[in-house]
Amino acid sequence: MTSLSFKKDYIKPDEERDRSHDFVKWSKKNDYPYFLIDLYNGSAWHQGIIKNKVTYIAGGGLETTSGNLNEFIENKYSEFDMNEISEMLAFDYEVFGGFCVMGTWNRDGSRVAVWEHIDLDSVRMSEDGLTYYLSDDWTAMNQSPERTNLRTISALDMKNKEGKFIIYYKDPSKKSRKEKGVYPKPPYYGGITSIQTDADISRFHMHEISNSFKSGTMISFTDGYPETYEEAEKIKQQVKGRSQSVEDAGEIVITFSDSKDKAPIVQQINGNDLDKRYTVTEKSVQQNILVAHSVVAPSLFGVAPEGSFNSAESAELFEIFKKTYVDARQRRLEWMLNYMVELSGYIGTIKLRDVSPLGITAPAPAPAPVEQPMETQTFSDDEIDCFSEYGEDAESFDVIASYPIVWDTPSEEVFSKQDQLFATIGEIKVGLKDLDKNVLLLLEQGEDSTAISKALEQPIEEIAKSIERLVGWDLYRQGEVTDLAKNLIEQVDIPAERYEIRYSYQEIPNIPPVKTKSRDFCVRLVGLKRLYSRDDINGISSRVNRNVWLYRGGWYNNPETKRKTPWCRHEWVQQIVIRRS
């Protein structure tokens with residue numbers, strides 16, 4: 001006698017070293033990621049929560065908080081830009097509990113030229129985490145370059161900047177029995193049984209309908225037992241067809257007896273209300289799924305249960321969910337992304353934009369202010385005169401390097417970078433070696449690391465280390481020797497304490513020529529030809545009660561890009577200078 005049973009052990013993330021290769025298997029059959037993917041595809045609740053989590057974490061895309069990182073975000077040598085890669089990383093993070101990227105160094109190893117997302121389910125690693133394995137088919141028992149395109153890629157090694165490498169992040173977790181702690185665990189790990197039950201219940205309902213609700217049917221053969229077990233099984237298969245499983249919901253049960261008198265009493269086995277009983281189970285399962293996902297308000301995920309929260313309450317609950325879950329996930333992704341920025345040779349930072357919650361009606365926006373035509377944007381004479389009372393004549397200084405200030409950058413961020421620049425100058429003065437100077441001169445002439453190694457009769461490893469130092473000091477960026485490097489070499493004997501940080505207002509380089517004339521504010525401020533110190537900026541800010549970096553001539557419509565911005569053809573610039581004797 002056979003019966004339908006939901007008893008089913010889920011796959012466990014056991015970890016053991018593969019006998020043929022050095023990688024660690026992810027579950028006994030090396031298929032744990034596919035089990036997690038099946039859960040994602042099988043449970044509508046689980047899938048919906050993950051999709052919305054990804055939206056809350058990375059759906060708003062990236063924004064630059066300092067520096068110019070447009071080229072980094074564009075990632076033009078890859079199939080996907082950084083906005084798309086960010087969402088892919090967030091998806092892997094929510095499904096598997098980790099994410100990874102692959103970078104490719106440029107020819108001289110000075111920066112990473114290309115970034116690519118790697119699906120976490122396609123990666124296995126050595127126990128020491130130094131080697132990563134990729135395969136086109138991890139379900140195959142025998143892995144080889146010929147059969148499954150098995151290949152290896154090394155982890156990031158700053159001493160070996162050639163070819164491709166992988167950076168792999170996973171959340172820390174406690175190791176269970178038969179685990180080595182090599183692979184991540186998903187954030188919903190405690191709810192896996194509920195998620196699988198939800199998937200099985202959905203399948204049960206579907207097959208109950210397809211089997212025409214014929215649950216509880218029993219057939220009794222009363223002419224004795226078959227002579228062999230195999231014969232009994234053959235009769236069962238002829239009557240029942242395929243083996244019993246969730247897909248066979250509502251199938252029949254077969255018994256054998258010596259006579260009709262000894263046959264079982266025919267009773268309703270499952271009951272026609274089985275679907276109702278599973279509905280009760282569903283509610284409990286769905287609640288467990290929400291808890292496993294740290295969901296404080298189902299309405300945030302498009303679910304409106306009985307007694308759902310009103311809009312104001314949901315907004316408060318979203319803030320709780322954001323602070324207790326979303327913010328932490330964003331910080332870890334932002335760490336990875338800003339590390340990628342650094343390895344790419346750019347200076348600046350990026351962050352993930354916040355996204356408004358689902359199911360919350362935002363208050364009606366205030367009427368948009370009428371945009372003032374650019375020609376009529378004005379500043380008071382007192383405000384303009386204020387700038388003339390501070391600062392010093394630009395002719396009193398030699399400019400070593402310039403760094404544009406993004407329009408709405410907070411003052412504390414600008415001044416924080418000022419402190420970093422001072423520290424960098426001191427570090428350069430102490431750490432710059434004759435080898436570094438010679439490497440800079442040859443880089444400026446367009447030589448690559450191999451040619452420099454031969455010219456200076458130094459090992460290629462020493463040249464690579466020198467270039468790494470130069471990149472870290474912003475003396476060599478994106479394959480170019482910076483103005484800071486050129487001027488520091490010329491001013492090599494000047495002590496570090498003579499360097500200053502000043503601020504000036506000037507026209508943006510390479511911007512289209514003005515069609516008519518610049519606004520009076522810009523003409524007067526540029527005409528002052530003054531450089532301002534930190535104290536000067538603070539003094540001006542207190543006088544005008546406004547962020548100085550917001551002071552621009554007005555809105556500007558670039559005739560080439562058609563992009564309209566709240567700043568004009570001019571910008572504030574942070575400069576490293578030396579006072580002339």
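This dialogue walks through the cores and one sheet of a predicted model.

Trainee: Where do I start with the nonpolar core, and which residues have the most contacts inside it?

Mentor: A nonpolar core is a set of buried residues joined through side-chain atoms within 4.5 Å. Here the largest one has 71 residues. Phe72, Trp115 and Tyr168 have the most contacts inside it.

Trainee: Which helix gives the largest share of this core?

Mentor: Helix H9, residues 311–343. This helix supplies 11 residues. Now look elsewhere. Another core, of 47 residues, lies apart from the largest one. Ile384, Cys386, Val414 and Leu435 are among its members.

Trainee: On to the sheet. What is the order of its three strands?

Mentor: Read it as S5-S4-S9. The sheet is open, and the pairing is antiparallel.

Trainee: Which strands stand at the edges?

Mentor: Count partners. S5 (112–118) and S9 (164–170) each have a single partner strand, so one side of each is left without a neighbour in the sheet. Check the twist too: neighbouring strands are turned by 25 degrees against each other on average, direction ignored.

Trainee: How many bridges join S4 and S9?

Mentor: Seven, in the antiparallel sense. Strand S4 covers residues 98–105. Try tracing two of the partners. Phe99 is matched with Tyr169 in S9. Thr104 is matched with Lys164, also in S9.

Trainee: Is S9 largely enclosed or left open by the rest of the structure?

Mentor: Judge by burial, which means under 20% relative accessible area. Five of the seven residues of S9 are buried, so this strand is largely enclosed by the rest of the structure.

Note on methods
Residues are numbered from 1 along each chain as its sequence is written. This is a predicted model: local features need pLDDT of at least 70, side-chain atom pairs count only at pLDDT 80 or more; totals for chains, interfaces and linings use all residues. Side-chain values use heavy atoms; hydrogens and water are left out. Buried means under 20% relative accessible area, exposed over 50%, partly exposed in between (1.4 Å probe, protein chains only). Helices (H or I, at least four residues) and strands (E, at least two) are DSSP runs, numbered from the N terminus. Two strands pair if DSSP finds at least two bridges between them. Axes are lines fitted to C-alpha atoms, for helices over the stretch in contact, and angles run from 0 to 180 degrees between N-to-C directions.
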